[in-house]
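Biologist: Please take one helix and look at it closely. Then show me what lies around it, step by step.

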Amino acid sequence: MSVSPWRFKLVTRANPSRALVLLAPVLAVALALVFGALMILALGKSPLQAFDVYFAQPLADPFSLAEIVVKASPLVMIALGLAFCYRANLWNIGAEGQFVIGGTLGGGIAVATHGMTHMTFWILPTMLVVGMVGGALYALIPAVLKVTLGVSEILVSLMLVYVAQLNLDYLVRGPWRDPKGFNFPVTAGFDTAATLPPLWPGGAVHSGVAITVLLVIIMAVVLARTRFGFAVRTAGLAPRAAGFAGFEHRRLTLALFALSGGLAGLAGVVEVSGVINQLQPSISPGYGFAAIIVAFLGRLSPVGILVAGLVLALTYIGGEAAQIAMKLPLDLTTAFQGVVLMCVLAADVLTHYRLTIARRAS
Amino acid sequence: MSSVFFQAVAATIIASSIPLILAAIGELVAERSGMLNLGVEGMMLMGAVCGFIGAYFSGSTLIGALCGVAAGMAMAALYGLLTIGFAVNQVAAGLALTIFGQGLSGLVGAHFVGLKRDGAPHLHLPWLSDLPYIGHMLFGEDGFAYVAVGLVAGVAWFLRYSRAGLDLRAVGDNPASAHALGMPVGGIRLKAVLFGGACAGLSGAYLTLAYTPFWSPGLSAGRGWIALALVVFASWKPWRVVLGALLFGGATILQLQAQALGIRLPSQMLSALPYVVTILALILLNLRRNRGSLTPAALGLPFVADT
């Protein structure tokens, strides 16, 4: 087939190059920007103007900065749990569904207690706990099926995304619809007792962001310093070694799905009580899927995920601005996010393999 | 039940199973070579939008279908570059392909939303199509149905009896041994992936050229994922894909016919049916302990020849 006398070969590196571990994601984003520019050119717009609207302007505007932080919060929270799963070679790709279930169950408490005036201090903490537990239980469905019957966790977790979305759609159009809502498919607005307060009085950033930052620190410590973290780090590379650390693979599977589902559920309830303040047919612009990109862009490490979450949030905010200012469709953002993930994955190969050019044997 | 109603239901079941058969048979070949491509949904969407555009401008369903095939193959080539060229994790690369395809198909098709064209003509085979009861049902389909059945038969023969099919299975079960025997592991896997992309693209084109007469963003509605489940359900055996697809097609149609049958359930619950059925089917299949399943031993594992 190929007649070139030279061929490219991948040679496994004994140790991943340290410099490249940090450099690869930067290279990947740069490469993705080149492809992004080509897509914008193909749409007949100026890439420079688009980059200005997409990336430069949001970073220069304090209001947009607050929005970026608010958008990054769910992405980071979900990606933290997914990174633990992916490190152990467990593929929970249904975080979107766990997010929706968490938001639905937590929001359900806000709907049920609507109009309560006495003893309301318990509502918000209960919402957060119920959202988290709901997300964890929902993620345990594919996990239990995997460890007991060997059913593919990839397919089951993904199918459950559609089920969760349709369930929420049914509730807000049916039993939970606000009777005073002029027939709009939304629940009543949440009371103050069911709303996450802003981080500081009058601020545009809700206090869920603080939970996210706290979780980044906790997860970083757990991953680096605990026996559980050791089991997670080794499970993907050497499952038997993780077993020696006291974590049998089935138990680890259940624990990691519960963890990632719980974080996705918590992100969901934080989103409805901190940002949307009611339930509506759709409560996520695809956070659960974008978080997969965040997890890989952040190299499956908690601190990296924090940075990657901010980068991805910037594409959302920039995408909205570009839609208004330049009439660039929102699908461009999705396509660009896909390109970013591909470039990140491709760049990753440089850290694990050395690219060599060898002369073909004649 | 009147025979007219029965025939109408049967025809719609067949119609909704065709895209599943097409996408699943392609993915089956890719998986038998060891490549787990989760990008089926993205390849289908690109096939759907490019198929529609091609047919819209040329006025020909055939050219539209070919455009769909080409788009699916282009997407598959991207996946092949990542997973075979760069040894990227297959699950992650497939997800990236789906996300990319969702966005790109929306971009490409933005100006074509709301446009309509006539669906693919149903073929009328003399004599056969006029048979009572089954004639219209079995022999009155559009061209895609015959292509789908032909592909399944071809793949079944190819995998079982051809030399290239044997090589492909060897690569999927033990790439290291296949490589040691001098087989081009990467080349064989790339061809299998491209075939999967072509089938997914054709499946997408079917959706916009025959199933519905228009393009709308995200119109595959998870069919790519159901096709992936179908391959597992079929235990990687070609003819079982047809059986499974008819079952899933039935679940889809039950949702559409529920009102006519007097079933009073929320529409969302009926819409969730195909996904729930998929999960139940996977559970039932695994309860039987995978007896006789042909799961490729090296499915999803990257192969880098170090020597």
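Modeller: The answer starts with one helix of chain A, then moves outwards.

This is a predicted model: local features need a pLDDT of at least 70, side-chain atom pairs count only at pLDDT 80 or more, and totals for chains, interfaces and linings use all residues. Residues are numbered from 1 along each chain as its sequence is written, while chains are lettered from A and ligands numbered from 1 in the order in which they are written.

Take helix 4 of chain A, residues 95–112. Helices here are DSSP runs of H or I with at least four residues, strands are runs of E with at least two, and both are numbered from the N terminus. Helix 4 of chain A has 18 residues, so at 1.5 Å a residue it should span 26 Å. The expected span is 1.5 Å times one less than the number of residues. The end C-alpha atoms of helix 4 of chain A are 25 Å apart, which agrees.

Is this helix mostly covered or mostly exposed? Helix 4 of chain A is mostly covered, with 17 of its 18 residues buried. Buried means 20 or more other C-beta atoms within 10 Å of the residue's own; 12 or fewer means exposed, and in between is partly exposed, with C-beta atoms placed from the backbone.

Next comes a partner. The axes of helix 4 of chain A and helix 5 of chain A come within 8 Å and cross at roughly 145 degrees. Axes are lines fitted to C-alpha atoms, for helices over the stretch in contact, and angles run from 0 to 180 degrees between N-to-C directions. The crossing of helix 4 of chain A with helix 5 of chain A is right-handed. That word applies if the near helix is turned clockwise from the far one by less than a right angle; anticlockwise is left-handed.

Which residues make this contact? From helix 4 of chain A they include G97(A), F99(A), I101(A), G102(A), L105(A) and G106(A). From helix 5 of chain A they include I123(A), M127(A), G131(A), G134(A) and Y138(A). Two residues are in contact if their C-beta atoms, placed from the backbone, lie within 7 Å. By class, the residues of this contact are 12 nonpolar, 9 polar and no charged. Ala, Val, Leu, Ile, Met, Phe, Trp, Tyr, Cys and Pro count as nonpolar; Asp, Glu, Lys and Arg as charged; the others, Gly among them, as polar.

Now follow helix 5 to the other chain. In total, 40 residues of chain A are in contact with 40 residues of chain B. Helix 5 (123–149) is one of the elements of chain A that supply at least two residues to the side touching chain B. Strand 1 (6–12), helix 6 (153–173), helix 11 (287–297) and helix 13 (331–352) of chain A do so too. Helix 13 of chain A gives the most to this side, 13 residues. The side of chain A that touches chain B has 30 nonpolar, 7 polar and 3 charged residues. For the whole model, ipTM is 0.86 and pTM is 0.89.

Back inside chain A, look at A24(A), in helix 1 (residues 18–42). A24(A) counts as buried because it has 23 C-beta neighbours inside 10 Å. A24(A) and A346(A) are 322 residues apart along the chain, yet their C-alpha atoms are separated by 9.1 Å. Beyond its neighbours within four places in sequence, A24(A) is in contact with A347(A), D348(A), L350(A) and T351(A).

Helix 12 of chain A is another element to check. Its 25 residues reach 35 Å from first C-alpha to last, close to the expected 36 Å. Just after helix 12 of chain A, K327(A) takes a positive phi of about 55 degrees. R299(A), in the loop between helix 11 and helix 12 (302–326) of chain A, also has a positive phi, near 55 degrees. Most residues other than glycine have a negative phi. R299(A) is partly exposed, because 19 other C-beta atoms lie within 10 Å.

Finally, chain B. Its secondary structure comes to 13 helices and 0 strands. Of its 307 residues, 52% count as buried. Chain B averages a pLDDT of 86, and 88% of its residues score at least 70; pLDDT is the predictor's confidence in each residue, from 0 to 100. Helix 4 of chain B, residues 90–108, has 19 residues and reaches 26 Å, close to the 27 Å expected. Helix 4 of chain B is mostly covered, with 18 of its 19 residues buried.
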